[in-house]
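Trainee: I'd like to learn how to read a structure properly. Could we go through one together?

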Amino acid sequence: MFTGLLPIGSVVLLKESSKRVMIVGVCQKGGSDANAIWDYTGVVFPEGYLSSDKMFLFNNSQIETIYALGYQDAEQLNFKIKADEAIKNLRS
């Protein structure tokens, strides 16, 4: 089981959704509550970025299925450690 933030490029299905989403950003702030902190920004898959109003803010708790993990290497793993800590601190 994967813990913490998924890497950019991961493809997931959100609960109560029929369209997959690809993660394009992590540790995001905004949405209808400008102070809200979200785990991810995503775009529809396989279409990708269509426009800013077709992007999604969501959290790990909303993910039903992980279809693919994005690319991971030493740089991404070091970033993940920092991003996981940052989002934890922002929410506490």
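Mentor: Let's work from the overall fold down to single residues, keeping in mind that this is a predicted model.

Trainee: Okay, where do I start? What does the secondary structure of the protein come to?

Mentor: Start with the elements and then their order. Here you have one helix and five strands. Follow the sequence and the pattern reads β-β-β-β-β-α.

Trainee: And how do I judge the overall shape? What radius of gyration would a compact globule with 92 residues have?

Mentor: You compare the model with the globule rule. For 92 residues the rule gives a radius of gyration near 12 Å, and the protein has 13 Å, so the two agree. Along the principal axes, the C-alpha atoms fill a box of roughly 30 × 30 × 20 Å.

Trainee: What share of the contacts links residues 24 or more positions apart?

Mentor: Take the contacts with a separation of 6 or more: residues 24 or more positions apart account for 50% of them.

Trainee: Now the inside. How many residues does the largest nonpolar core have, and which have the most contacts inside it?

Mentor: Look for buried nonpolar side chains that touch one another. The largest such core has 13 residues, and Val12, Ile23, Tyr40, Phe58 and Ile63 have the most contacts inside it. Strands S1 (11-14), S2 (20-29) and S3 (37-44), along with helix H1 (74-91), each supply at least two of the core residues. S2 gives the largest share, three residues.

Trainee: Can we zoom in on one of them? Which residues is isoleucine 23 in contact with, leaving aside its neighbours within four places in sequence?

Mentor: With those neighbours set aside, isoleucine 23 touches Leu6, Pro7, Ile8, Gly9, Ser10, Val12, Tyr40, Thr41, Gly42 and Phe58. Across the protein, 33% of the 92 residues count as buried.

Trainee: Let me try a loop residue, then. Where does alanine 36 lie, and is alanine 36 buried or exposed?

Mentor: Alanine 36 sits in the loop between S2 and S3. Check the relative accessibility against the cut-off: buried means under 20%. Alanine 36 has 18%, so this residue counts as buried. Beyond four places in sequence, its contacts are Gln28, Lys29 and Gly30.

Trainee: Last one, the surface. How much area does the protein expose, and how far apart are the mean positions of the positive and negative charges?

Mentor: The protein exposes about 6,000 Å², with carbon and sulfur atoms supplying 55% of that. As for charge, there are 9 positive and 10 negative ones, and their mean positions are 1 Å apart.

Terms used
Residues numbered from 1 in each chain as written. Predicted model: local features only at pLDDT ≥ 70, side-chain atom pairs only at ≥ 80, totals over all residues. Heavy atoms only, no water. Core = buried A, V, L, I, M, F, W, Y, C linked by side-chain atoms within 4.5 Å. Buried < 20%, exposed > 50% of the residue type's maximum accessible area, 1.4 Å probe, protein only. Helix = DSSP H or I, 4+ residues; strand = E, 2+ residues; numbered from the N terminus. Contact = heavy atoms within 4.5 Å. Rg over C-alpha atoms; globule rule 2.2 N^0.38 Å. Areas by Shrake-Rupley, 256 points an atom, 1.4 Å probe, with all protein chains shown as cover. Lys, Arg positive; Asp, Glu negative; His and termini not counted. Charge placed at Lys NZ, Arg CZ, Asp CG, Glu CD.
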